[in-house]
Amino acid sequence: VSFYYFSSMSEDRYLARCEEATQRLSNSNSTLVKVFAPTTGPNSTSLSQTQQALQVHKNELDELTGSFQSMRPPGKFEEQHQILLELLRLEQSVVQEALLILPNPLAAETDNLLNSIKEQNEAARILGDSLAIPGVSFRMSNEMTTFPNEITLYVETQRKTLREKQELLTALTKFFQEMDGLIQRYDNAKTDLGGLLENLRKGGYTWGDYFSSLNQARGIRSSLRFQVDRLSAPKGAEELKRQFSDVLTTSLRYCDMMNAAARVEHGTNYNYAVPKYKEASGVNEQVQESYSSFRSFYQSEKERLSHIENL
């Protein structure tokens, strides 16, 4: 009686453990499907948290598998015990390979891992159908049968995203090279129109020379604005192009205002020219302030957008 009593207790405990194991397998399947589902899959902000959660899940699965490996099942369940143990081992392997893919979807060995997951997932489906422990069943969910496709889609999406980022980085690099050249031309073409005017009044040169300098300064700025406006600004760089174009537009307005004031003075109406010079001076201050702000913003954005991880 004691023998049968303890045998019955041992069998009941074993079946309870088997039921627990199959429940863990089902939970593991659900976790994997959720992690790599298109709508809930990991992104740049949640990747680390997802890895940690999946690693905790893997550790629990390792502990359960180790426990079943050291367990001595009732004799009539030895064959089924091996099936369940193999199911746990396959799940271990799939979770481990998913953990390798998660942070490195672009790695060269990822394709081999994807093929391995597909093969092991199919093997687990077949084994699950053959499991026949009383009161215990494990059937792979419909979601889990599509898991290899989901994780493959995750990898393909990541690869597509990287290609797009690489293309964007190439376009941004070209954009910054062109902008650097235009900015350098603008810096080299800076002209102190007020200083030239004072030199003119002291007899340094003629009004013709001054108007020629004005026209040259305006021509350079007009040409630069035309080239800036024609630039193709990649995603993320549109504001840089707009700000530089605005600086050049304001700079052109300053040239026009200085030209108008100078022509009034040249016509010997100096008193009428003074307020026009003052107004032009205010616009020149706007040019300097906006250009300084643009250069600071340009340098910070150029640094940020020159790194692919920021795109």
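**A tour of helix α6 and its neighbours**

Helix α6 passes helix α9 in a left-handed crossing. The model on display is a predicted one.

To view this crossing, select residues 147-188 for α6 and residues 238-266 for α9; the two helices pack at an angle of about 20°, with their axes 12 Å apart. Because angles under 35 degrees count as roughly parallel, α6 is described as roughly parallel to α9. Next, display the side chains at the contact: α6 contributes Phe175, Phe176, Met179, Leu182, Ile183 and Tyr186, while α9 contributes Leu240, Lys241, Phe244, Val247, Leu248 and Ser251. By class, this contact of α6 with α9 comprises 10 nonpolar residues, 1 polar and 1 charged.

Keep α6 in view and add helix α4, residues 110-130; the axes of α4 and α6 come within 9 Å and cross at roughly 165°. That angle makes α4 roughly antiparallel to α6. Here too the crossing of α4 past α6 is left-handed. Select Thr110, Asp111, Leu114, Ile117, Lys118 and Asn121 in α4, which meet Phe147, Pro148, Ile151, Thr152, Val155 and Arg159 in α6. The contact of α4 with α6 holds 6 nonpolar, 3 polar and 3 charged residues.

Proceed to helix α7, residues 193-201, and select Leu193, Leu197 and Leu200, which are buried. These leucines lie on the same side of α7, because they cover an arc of only 60° around the axis. To see what they face, show α8 (207-230), α9 and α10 (270-305), against which the buried residues of α7 pack. Finally, select Gly203, just after α7, where phi is positive at about 85°.

Technical notes:
Residues numbered from 1 in each chain as written. Predicted model: local features only at pLDDT ≥ 70, side-chain atom pairs only at ≥ 80, totals over all residues. Heavy atoms only, no water. Axes fitted to C-alpha atoms, helices over the stretch in contact; angles between N-to-C directions. Helix = DSSP H or I, 4+ residues; strand = E, 2+ residues; numbered from the N terminus. Parallel < 35°, antiparallel > 145°, perpendicular 65-115°, else oblique. Left-handed = near helix turned anticlockwise from the far one by under 90°. Contact = heavy atoms within 4.5 Å. Nonpolar A, V, L, I, M, F, W, Y, C, P; charged D, E, K, R; others polar. Buried < 20%, exposed > 50% of the residue type's maximum accessible area, 1.4 Å probe, protein only. Arc of directions from axis to C-beta.
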